[in-house]
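Open the model in your viewer and keep the selection box at hand. The stops below go one by one, each with something to select and something to look for.

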Amino acid sequence: MMQLFATASYEYLRDELAGITGGEIGVIERKTFDDVEFYHRIASDVCDRNVVLVGGTISETETLELFDLASGLVHEGARSLTIVAPYYGYATMDRAVRPGEIVKAKTRAQLLSSIPRACAGNRLLLLDLHAEGIQYYFENGLRAVHVYGKPTVTAAIKQLGGERFVLASTDAGRAKWVESLANEIGVPASFVFKKRLADGHPVVTAMNADVEGRQVVIYDDMIRSGRSLLIAAEAYHRAGASGVACVTTHGLFSGDALAEIRRSGVISHVIATNSHPRASKLAQANSVFLTVRSIAGEFAAPLRHVDGGER
């Protein structure tokens, strides 16, 4: 039987995965010292066990906790290590645009690649990456697997779309993924094209599909500030859409982003997955506007092979 551990912020997803897979929940002792250094102790016996560690790189503290716990589990004798990372931070920094820029999606991959290798191997499960090439940034035997949240995302889109809708994106950058989803669902896809003015403010310059009289569901892999979402939603309303809703995999909603999206009046409802713990916390106080769906099922499928030795 596999053992499941988690960083502090992802215990909710560990518990869901344990319920689905029948895995045993492992125990970690934690303390914070007066100088804000952190103490961790793996209080379960992991020797020769297949171990799963759930944790996203949602902050520098969480990233280091993930690294420390993963390293500790291997040092304590875990037979295999599978890291479930529902959210991979710095995914938008996957390449350098200006000289001297640090490609942090790569440097974080190098950090995780330095985790000691368990005797039966290390594996990393990543969900709906902003740039698919990130999967290949990992080295030293850490096998990264891109898990797609398509079943959960598609069900959410259909719920918000109703009888007759258009699946849309916030910009042309997500066109390929949105078109793939639209083709699978059997609905038209729409994209907006933007440019930046001299002051840096983005404006919509064109739209590739007729949305007049139709419900529009925008899919975006990630919502942080929500600015791109609101600019696109306003453009779809100007083009005659009967309503605009949104589905996202990673609901970060930085600062007051969710409140600003709600106050704008151009988005009727948002559905996010629980890949980021902030979405679940915000949904508790905004359940009428924000719905959160679990992506535990998408991760459970590859985890079922862990105890069978299929790596």
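Select F253. This is a predicted model, and here F253 is buried, with a relative accessible area of 0%. Follow the backbone on either side: F253 sits in the loop between strand 14 and helix 7 (257–264). Check its phi. The value for F253 is near 50°, which is positive in a residue other than glycine. Most residues other than glycine have a negative phi.

Now jump to D48. Its phi is positive too, about 65°, and D48 is not a glycine. D48 lies in the loop between strand 4 (38–42) and strand 5. Is D48 buried or exposed? D48 is exposed, with a relative accessible area of 58%.

**Along strand 5**

Step forward from D48 and select residues 50–54. This is strand 5, and five of its five residues are buried. Show the side chains. N50, V52 and V54 point one way, while V51 and L53 point the other way. In a regular strand the side chains alternate between the two faces of the sheet.

Add the neighbours of strand 5. Strand 1 (residues 3–6) pairs with strand 5 in the parallel sense, over four bridges. Look for L4: its bridge partner in strand 5 is V52. Then add strand 6 (residues 80–85), which runs parallel to strand 5 and is joined to it by five bridges. There, V51 stands opposite L81.

**The sheet around strand 5**

Widen the selection to the whole sheet. In what order do its six strands lie? The order is 2-1-5-6-7-8, in an open sheet with parallel pairing. Strand 2 (24–25) and strand 8 (142–147) are the edges, each pairing on one side only. Strands of a sheet pair through backbone hydrogen bonds.

Zoom in on the edge at strand 2. Two bridges join strand 2 to strand 1, and the two run parallel. Q3 has E24 as its bridge partner in strand 2.

Next, select residues 296–303. This is helix 9, which lies across strand 5, strand 6, strand 7 (122–127) and strand 8. Helix 9 runs at about 155° to strand 7.

**A stop at S71**

Select S71, in helix 2 (residues 60–75). S71 counts as buried, at 10% relative accessibility. Now add S114. The two residues are 43 apart along the chain, yet their C-alpha atoms are separated by 8.8 Å. Which residues does S71 touch, leaving aside its neighbours within four places in sequence? They are I115 and P116.

**The other six-stranded sheet**

Move to the strands in the order 10-9-13-14-15-16. These six form an open sheet with parallel pairing. The edge strands are strand 10 (189–190) and strand 16 (290–293), and each pairs on one side only.

Start at the strand 16 edge. Strand 15 (residues 270–273) runs parallel to strand 16, with four bridges joining them. Pick A272, and V292 stands opposite in strand 16. Then show helix 8 (residues 277–285), which packs on the sheet and touches strand 14 (243–251), strand 15 and strand 16. The direction of helix 8 makes about 135° with that of strand 16.

Cross to the other edge and select residues 175–185. This is helix 5, lying across strand 9 (165–168), strand 10 and strand 13 (215–223). Helix 5 runs at about 155° to strand 9.

**The second largest pocket**

Stay with helix 5 and turn on the surface. Helix 5 gives three residues to the lining of the second largest pocket, the most of any element. Helix 5 and strand 13 are the elements that give two or more. The pocket holds about 220 Å³ of space. Its lining has 14 residues, and L129, E132, R174, K176 and W177 lie nearest the centre. By class, the lining has six nonpolar, three polar and five charged residues.

**Last stop: the cavity**

Keep L129 selected. L129 also lines the largest cavity, together with Y87, Y88, A91, L127, D128, H130, M222 and H250. How is that lining divided by class? Six residues are nonpolar, two are polar and one is charged. The volume of the largest cavity is about 30 Å³. The count is one cavity of 30 Å³ or more.

Conventions. Residues are numbered from 1 along each chain as its sequence is written. This is a predicted model: local features need pLDDT of at least 70, side-chain atom pairs count only at pLDDT 80 or more; totals for chains, interfaces and linings use all residues. Side-chain values use heavy atoms; hydrogens and water are left out. On a 1 Å grid over the protein atoms alone, a cavity is a set of points where a 1.4 Å probe fits but cannot get out, and a pocket is an open set with protein on both sides within 12 Å along at least five of seven lines; lining residues have an atom within 4 Å of a point. Grid points are joined across faces, edges and corners, and a volume is the space filled by probe spheres set on the points. Ala, Val, Leu, Ile, Met, Phe, Trp, Tyr, Cys and Pro count as nonpolar, Asp, Glu, Lys and Arg as charged, and the others, Gly among them, as polar. Two strands pair if DSSP finds at least two bridges between them. Contact means heavy atoms within 4.5 Å. Axes are lines fitted to C-alpha atoms, for helices over the stretch in contact, and angles run from 0 to 180 degrees between N-to-C directions. Buried means under 20% relative accessible area, exposed over 50%, partly exposed in between (1.4 Å probe, protein chains only).
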